[in-house]
Amino acid sequence: MINIKKIFFMKNNYLNLYNNLIKLATNKDLYINFKKQDTFSDRLTFFLLHFAFFLKNFKNQNNSTILQEIYDFNFRQLELSIREIGYGDQSINKKMKVYINVFHGMVSDIHFWETLTKTEKSNKISNFLVDIENIEYLVDYFEDFNQNLSKKTLNSYLKSVSNA
């Protein structure tokens, strides 16, 4: 028998995580070094970068099922957000394929983040964000974000209401 209460609790935790990632991605300090005004694409890129670091930090055999559920939930939420903007079904499918490919590129690029030099980290971040005047600020930001993630457990991160 399906435990509806457990499913609701899990999805609520995933929604909390999704909202926390959105909050992090819309942090105005991330955009202070942009040469132009931030766009939906920039915010999505920041969301995906935060999510990539999240998955990188919590990826292990014990977490594989829950991380897959979180991955599916987050991309479903992104799809719903894109639909709300007004894109049609064909357009959404194409965009989601692009976003998923970009995300997997991010995951691949940051996989060995701790072993990269500052210059290599700058290059990795620059692959996904353009028109940034001070990329070092973002490297330091994601360095701190990565370290903060490594100090927590997945469970504590899921249960918290706000981590931004």
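**Group meeting: the core, helix H3 and the largest pocket**

The largest nonpolar core in this predicted model has 49 residues, and Phe-46, Phe-51, Phe-54, Ile-70, Ile-125 and Phe-142 have the most contacts inside it. A nonpolar core here is a set of buried Ala, Val, Leu, Ile, Met, Phe, Trp, Tyr and Cys residues joined through side-chain atoms within 4.5 Å; buried means under 20% relative accessible area with a 1.4 Å probe, protein chains only. Among the elements giving two or more residues to this core are H2 (40–58), H3 and H6 (135–150). H2 provides the largest share, 11 residues. Helices are DSSP runs of H or I, at least four residues, numbered from the N terminus.

Two notes on the source. Residues are numbered from 1 along each chain as its sequence is written. The model is predicted, so local features need pLDDT of at least 70 and side-chain atom pairs count only at pLDDT 80 or more, while totals for chains, interfaces and linings use all residues; side-chain values use heavy atoms, without hydrogens and water.

Next, one core residue. Leaving aside neighbours within four places in sequence, Phe-142 is in contact (heavy atoms within 4.5 Å) with Phe-46, Leu-49, His-50, Phe-53, Trp-113 and Ile-125.

Now H3. Helix H3 covers residues 64–85, 22 in number. Its buried residues include Leu-67, Ile-70, Tyr-71 and Phe-75. After H3 comes Gly-86, with a positive phi near 120°.

Methods:
Expected span 1.5 Å × (residues − 1). Buried < 20%, exposed > 50% of the residue type's maximum accessible area, 1.4 Å probe, protein only.
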